[in-house]
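Subject: Structure handover

Hi,

Here is the structure I promised to pass on. My notes follow below it.

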Amino acid sequence: MTHAAPSPIVPKVWIAGDVLDAPRARVAALDHGLTVGDGIFETCKVVQGEVFALTRHLRRLARSAAMLGLPCPDDALVRRAVEEVRRAVLDDAGPLPLGRLRITVTGGAGPLGSDRGAAEPTLVVALGPAAPWPAHIAAVTVPWPRNEHSAIVGAKTTSYAENVVALERAHREGAHEAVMPNTAGNLCEGTGSNVVLDLDGELVTPPLSSGCLAGITRELFLEWAAKDGLPVAERDVPIGDVARAADVLLASSTRNVQQVQRMDGRAVLGSELGRRAVEVFERYAALGMDP
Ligand SMILES: Cc1ncc(COP(=O)(O)O)c(C=O)c1O
């Protein structure tokens, strides 16, 4: 069960100062991002041609770069690349109702091993259409733990093979997302989302020490929910609590805050608190594109 390709609009890619149709954009065969996954990225939602929360995404990109010891291209260059690719898509297809912008930075051309070369980092900015998520969302838990003690915990790296395998498992089970524990057996996150549970009338999400990504949607949700007086808490919960939650919510840039209707085969009816969580996020997000 995949998140289907939306439309025939060809994604555009900014690379080395040029904007190209995606099939024509190339990186070097020995780019360290390709050979060993030495890279970082950001995925941003685009609404009516405008990028949401770009400032926060650029801040996290710089944090991820620092964690990997990668030189991060400066903000002004990345913003220029984003603007150029955005303009190119706009000229071709008009303002995309819903799009997905991806900023990737890698170690650049390097040796065949894990050591880095002296090359400049590679910057790639891609923008294409995105399909809206279906109304009915299914998720499953998978047994493979996230390592909350990893040297690069919290960095949004291009080493996503674990996520790919977990998501494939979810798809094989008819679900859209896989939710993972950490090595302590606590809830961590989804392959591309943070998780919020309604547990006994409280919206609980794992703390960053669980090993989850510091999701932009998560951080905005925590801020806005608290402002609106919703009961929210960041605390560790055993992965087994997913089975007893009155509501299971996924938070990510492409999803916003989204209720899950089926969790590990169990129908989740959804709670009033969960519905309010979705509504609060939508309401505050509508106030501005760069919160
Ligand atoms: C592993 C992981 N956790 C959480 C998230 C959610 O982060 P954000 O809200 O910044 O999109 C993502 C986003 O893709 C992710 O890859």
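Strand β1 covers residues 12-15 and pairs with β2. The sense is antiparallel, over four bridges. One residue pair to look at is W14, whose bridge partner in β2 is V19. Please keep in mind that this is a predicted model.

Those two strands belong to an open sheet of six. The strand order is β2-β1-β6-β5-β3-β4, with antiparallel pairing. Its edges are β2 (18-21) and β4 (50-51). Each edge strand pairs on one side only.

Now the ligand.

The shell around the ligand holds 18 residues. R60, Y160, E189, T217 and S253 come nearest. Three polar side-chain atoms are worth checking in your viewer:

- Y160: 2.5 Å from an oxygen atom of the ligand.
- T217: 2.6 Å from an oxygen atom of the ligand.
- E189: 2.7 Å from a nitrogen atom of the ligand.

How much of the ligand does the protein bury? Taken alone, the ligand exposes 390 Å², and the protein buries 95% of that.

Which elements give two or more residues to this shell? They are β9 (187-190), α5 (216-227) and β13 (247-252). E189 falls within the residue range of β9, and T217 within that of α5. By class, the shell has ten polar residues, four nonpolar and four charged.

Next, the second largest pocket.

This pocket has about 240 Å³ of space. V27, D31, G33, L34, R102, T104, T106, T122, V124 and T158 line it. By class, the lining has five polar residues, three nonpolar and two charged.

Three elements each supply at least two lining residues: α1 (32-36), β5 (98-106) and β6 (122-129). The largest share comes from β5, with three residues. Both β5 and β6 are also strands of the six-stranded open sheet, where they sit next to each other in the order. That ties the pocket lining back to the sheet described above.

If you set up a ligand view, the polar side-chain atoms of Y160, E189 and T217 make a good starting selection. For a pocket view, the lining residues include R102, T104 and T106, and T122 and V124.

Best wishes

Technical notes. Residues numbered from 1 in each chain as written. Predicted model: local features only at pLDDT ≥ 70, side-chain atom pairs only at ≥ 80, totals over all residues. Heavy atoms only, no water. Near = heavy atom within 4 Å. Polar contact = N/O pair within 3.5 Å; in protein donor to acceptor, adjacent residues only side chain to side chain. Areas by Shrake-Rupley, 256 points an atom, 1.4 Å probe, with all protein chains shown as cover. Nonpolar A, V, L, I, M, F, W, Y, C, P; charged D, E, K, R; others polar. 1 Å grid on protein atoms, 1.4 Å probe; cavity = no way out; pocket = protein on both sides within 12 Å on 5 of 7 lines; lining within 4 Å. Points joined across faces, edges and corners; volume = space filled by probe spheres on them. Pairing = 2+ DSSP bridges.
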